[in-house]
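Trainee: Could you take me through one part of this model in detail? I would like to look closely at the aromatic rings and what surrounds them.

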Amino acid sequence: MRTLNLGILAHVDAGKTSLTERLLQAAGVIEEVGSVDAGSTRTDSLDLERRRGITIKSAVVSFALGDTTVNLIDTPGHPDFIAEVERILNLLDGAVLVVSAVEGVQAQTRVLYRALRRLGVPTLLFVNKIDRAGARYDSLLGDLAAKLDPALAAMDTVDGLGTAAAASRPRLRDPALAEDLLEALLDEALLEAYFDTTAESIGRSHVARDAALDAAFKERVGQARAHPVHFGSAITGAGIDGLIHGIRRFLPASQGDASGPLSGTVFKVERGPAGERIAYGRLFSGTVAVRDRVPVGDGREAKVTALSVFDGGVERSGPRVEAGRIAKFWGLGEVRIGDAIGRPPKLRTEHFAPPALATVLQPADERDRPALHTALTQLAEQDPLIGLRHDATRRELSVSLYGEVQKEVIGATLAEEYGLEVAFRESTVICVERPTGTGAAAEFIAKAPNPFLATVGLRVEPSTEPGVDFRLGVELGSMPFAFFAAVEETVHETLREGLCGWQVEGVAVTMTHSGYWARQSSAHGGFDKSMSSTAGDFRGLVPLVLMAALREAGTVVCEPLHRFRIELPAADLGGVLAALAKLRAVPEPPEIRGGRCTIEGAIPAEAVHGFGRRLPGLTGGEGVLESVFERHEPVGGAVPSRPRTDANPLDRDAYLLSVVRRVSGG
């Protein structure tokens, strides 16, 4: 059978999980559709998810559509859990992006669509909630074209829009549908051929021309360059058959050679009843069987002790898993999210914005501090972006957050799964540092004041690439590869804390000098460390050189800004604009329709939560705020600093003392 790894994505409350339930029922996996409000859905399996009525963790469920096995991945819609979405995008063969017929394109809708487009994931749009009052058809299609992509065409028409009896049915094959398809394709040759009235073309039937048009549209959908739009209601079941037909018709099955070299990736890690790590992974090539020894992560080998695949709505143990499938793996040891299984697959990556907030956790009982550190370490295995930091000097544990809902979820998880009661400090904004110029530094082996058996020279300069772009300005063969690897790894580690203590991004680091002493033997024939360079020498020297170069380059501290959208009564516009001005927000000209008003603009991330709490009072409870990270901008006013969690390489003596203590175990 074919395999289709299908993602269901949406802005929160667009009906994504309810749609998943309808698809499972249509496929015969469940008899009754579960309810998000009642906490009875198949994919929201965590108690916390069922109580809150939102998806927190991605979940996999499988069902058959004809000759195709669909691995459906339900993802969180709330922006606080965007990290879960980021990890699954590269696994997908296709996606269904759910949009509410009432609210239309929302902040998270745009973020998700841009990511799918950049990754080239074939995507169908499903307009949900056609049975709700205020549901739209023509104007919503206009919004989709204007805010997402004009290369789309409606596959359905709707009767009784906005009523409980709303029904969706396939559009008739008529000139209007052909015109919509041609507009989505924007292909002049196809347009001329379709409307060709020459004698030669007159003999061609409309059926043949429509078939050619359909084939061209299907090809574009498979290339993620056009998108069918289906309409329906996950609550009533209207339009579900049409959506299933669209999934089978337009979305391509997974590609992969089961007999090829092993290649896969881990996208989720959880703990079993005995505390063992269980990895969720997709294989892009090759086959894995129980008891196979497979390369994992950085090249270490692990023995697969058990496997399970998703089939017919349930999880089944199996002896092997082949290319194209998603499976759970036991026995991979200290496996982490993002680790390769076998050869690293060649994937296009999509990184959403990093968390913009941080908070310090304080155990209710100080004796629970070691247990809290252990629990947070395990939570960081499941979500590396929480960025656990341990400040030994202040005896503080802090985590990074996307928002206040995520904070509440972490607190509830610690209480329910680990028996730990904690208090959170008020969230603070996470800034970043960016270089403002170019700086260089170098230290040479056997030349004071360099105490390490290594030569390292580094140049730091701004980069248009996100994160850290490490480059070699020396010959790769000038020293052992392990030493280059140690340099690159330490560069990334060191730049987690820049001149002001914030992570440095948008920076290019070029290695300009390298040197080492080859392995030497003592008079007794043994290895003589005092005469031989090791990777540890490079790990010790790089922070000194890098921070000296960064100090010469200089950095600017940048704060995160969110893109906001507010819907409110027009009568309350003045008060809301005044409140936004006090928060350093920059609103665009408002759009007023009747008695309602929409404002969009940029606002500092640190102000979003507080403003969200004030908005109901400013608008009589009728204001609705959406926000999503947009960019970093230099901080205006006093530059905030962040306490370092380790010795500062800019304080040479203190740093070298910390290295000595670390090496000696003191």
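Mentor: Happy to! Let's begin with what counts as a pair: rings of Phe, Tyr and Trp (its six-membered ring) pair if their centres lie within 6.5 Å, and planes over 60 degrees apart count as edge-to-face. Keep in mind that this is a predicted model. By that definition, the structure holds six aromatic pairs. One of them joins Phe267 and Tyr280: the ring centres are 6.1 Å apart and the planes stand at 65°, so this pair is edge-to-face. The two residues come from distant parts of the chain, with Phe267 in strand E10 (residues 263-271) and Tyr280 in strand E11 (residues 277-285), 13 residues apart. Is each of them buried or exposed? Both Phe267 and Tyr280 are buried. The pair also belongs to a wider group, since Phe267, Tyr280 and Phe310 form one aromatic cluster.

Now add a charge to the picture. Lys268 places its charged end over the ring of Tyr280, 4.8 Å from the ring centre. Tyr280 therefore has its ring in an edge-to-face pair with Phe267, and the charged end of Lys268 sits over that ring as well. Elsewhere, a similar arrangement can be found: the charged end of Lys447 sits over the ring of Phe444, at 5.6 Å from its centre.

For a contrasting setting, turn to the surface. There, Phe481 joins Leu472 and Leu476 in a nonpolar patch, with about 320 Å² of accessible area together. Leu472 lies in strand E28 (residues 468-472), and its relative accessibility of 38% is why Leu472 counts as partly exposed.

How values were computed: Residues are numbered from 1 along each chain as its sequence is written. This is a predicted model: local features need pLDDT of at least 70, side-chain atom pairs count only at pLDDT 80 or more; totals for chains, interfaces and linings use all residues. Side-chain values use heavy atoms; hydrogens and water are left out. Patches are made of residues with over 30% relative accessible area and no salt bridge: like charges are joined within 9 Å, nonpolar side chains (Val, Leu, Ile, Met, Phe, Trp, Tyr) within 5 Å. Accessible areas come from the Shrake-Rupley method with a 1.4 Å probe; for residues, only the protein chains shown count as cover. A salt bridge is a side-chain nitrogen of Lys or Arg within 4 Å of a carboxyl oxygen of Asp or Glu. Helices (H or I, at least four residues) and strands (E, at least two) are DSSP runs, numbered from the N terminus. Buried means under 20% relative accessible area, exposed over 50%, partly exposed in between (1.4 Å probe, protein chains only). Rings of Phe, Tyr and Trp (its six-membered ring) pair if their centres lie within 6.5 Å; planes under 30 degrees apart count as stacked, over 60 as edge-to-face and the rest as tilted. A charge sits over a ring if NZ of Lys or CZ of Arg is within 6 Å of the ring centre and within 35 degrees of the ring normal.
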